Amino acid sequence: QVQLVESGGGLVQAGGSLRLSCAASGGSFSTYAMGWLRQAPGKEREIVARISELGRRTTYVDSVKGRFTISRDNAKNTVYLQMNSLKPEDTAVYYCAAHKDFRSNAYDYWGQGTQVTVSS
């Protein structure tokens, strides 16, 4: 059983930056591929970024390419999402999630979420 706890959300003006962190416990972190997902009110949840178990592969949804960077530190059991040039449409609850299959859209473990609000 893996427990995930996100932090780093908040209120920021458009054009600003935030760094989300997700601390994992209860499992072998380096054996899990990780993802950051978000859900805005009235919208479906989407996978924003993914990273493979050792951090060698990453993917991003088109809307955040060039602005967001996912990374991980397996020594610290933590995955990060650096968000730059934030836009109001990035406003959502952001979740980190873990699974064993980097290519899958299904995740096995979820954090509680952290709110990101971007004002215009």
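# Strands, a disulfide and salt bridges

Trainee: In which strand is Thr114 found?
Mentor: Thr114 belongs to the strand made of residues 114-119. This is a predicted model, where local features need pLDDT of at least 70 and side-chain atom pairs count only at pLDDT 80 or more, while totals for chains, interfaces and linings use all residues. Residues are numbered from 1 along each chain as its sequence is written, and side-chain values use heavy atoms, with hydrogens and water left out. Strands are DSSP runs of E with at least two residues (helices are H or I, at least four), numbered from the N terminus, and the strand of Thr114 is S11.

Trainee: Is Thr114 buried or exposed?
Mentor: A residue is called buried under 20% relative accessible area, exposed over 50%, and partly exposed in between (1.4 Å probe, protein chains only). The relative accessible area of Thr114 is 12%, so Thr114 is buried.

Trainee: Which residues is Thr114 in contact with, leaving aside its neighbours within four places in sequence?
Mentor: Contact means heavy atoms within 4.5 Å. One of the residues that meet this is Gly9, whose backbone nitrogen lies 3.3 Å from a polar atom of the Thr114 side chain. A polar contact is a pair of N or O atoms within 3.5 Å; within protein, one must be able to donate a hydrogen and the other to accept it, and residues adjacent in sequence count only if both atoms are side-chain atoms. The contacts of Thr114 are Glu6, Ser7, Gly8, Gly9, Leu20, Ala92, Val93 and Tyr94.

Trainee: In what order do the 4 strands form the open sheet?
Mentor: Strands of a sheet pair through backbone hydrogen bonds, either parallel or antiparallel. Two strands pair if DSSP finds at least two bridges between them. The pairing here is antiparallel, and the order is S1-S3-S8-S7.

Trainee: Which are the edge strands?
Mentor: An edge strand of this sheet pairs on one side only. That holds for residues 3-7 and for residues 68-73, which are strand S1 and strand S7.

Trainee: By what angle are neighbouring strands of this sheet turned against each other on average?
Mentor: Axes are lines fitted to C-alpha atoms (for helices over the stretch in contact), and angles run from 0 to 180 degrees between N-to-C directions. For this sheet the direction is ignored, and the average is 15°.

Trainee: What is the bridge partner of Leu18 in S8?
Mentor: Strand S3 (residues 18-25) and strand S8 (residues 78-83) pair in the antiparallel sense over 6 bridges. In S8, Leu18 is partnered by Met83.

Trainee: Which residue does the disulfide join to Cys22?
Mentor: A disulfide is a covalent bond between the sulfur atoms of two cysteines; here the cut-off is a pair of sulfur atoms within 2.5 Å. The structure holds 1 disulfide, with an S to S distance of 1.9 Å. The partner of Cys22 is Cys96.

Trainee: How many residues apart are Cys22 and Cys96?
Mentor: The pair links distant parts of the chain, Cys22 in strand S3 and Cys96 in strand S9 (residues 92-99). Cys22 is buried at 0% relative accessible area, and Cys96 is buried at 0% too. In sequence, their separation is 74 residues.

Trainee: Which residue meets Glu46 in a salt bridge?
Mentor: Side chains of opposite charge can pair when their charged atoms come close. A salt bridge needs a side-chain nitrogen of Lys or Arg within 4 Å of a carboxyl oxygen of Asp or Glu. Glu46 is partly exposed at 28%, whereas its partner is buried at 6%. At 2.6 Å, N to O, the partner is Arg38.

Trainee: How many residues apart are Asp90 and Arg38?
Mentor: The side chains of Asp90 and Arg38 meet in a salt bridge at 3.0 Å, N to O. Asp90 is in the loop between S8 and S9, and Arg38 is in strand S4 (residues 33-39). Asp90 is buried at 1% relative accessibility. The two residues are separated by 52 residues.

Trainee: Which residue forms a salt bridge with Asp101?
Mentor: The closest N and O atoms of this pair are 3.8 Å apart. Asp101 is partly exposed at 35%, while its partner is exposed at 70%. That partner is Arg103.

Trainee: What is the phi of Asn77 near?
Mentor: Most residues other than glycine have a negative phi. Asn77, in the loop between S7 and S8, has a positive value. Asn77 is partly exposed at 27%, and its phi is near 55°.
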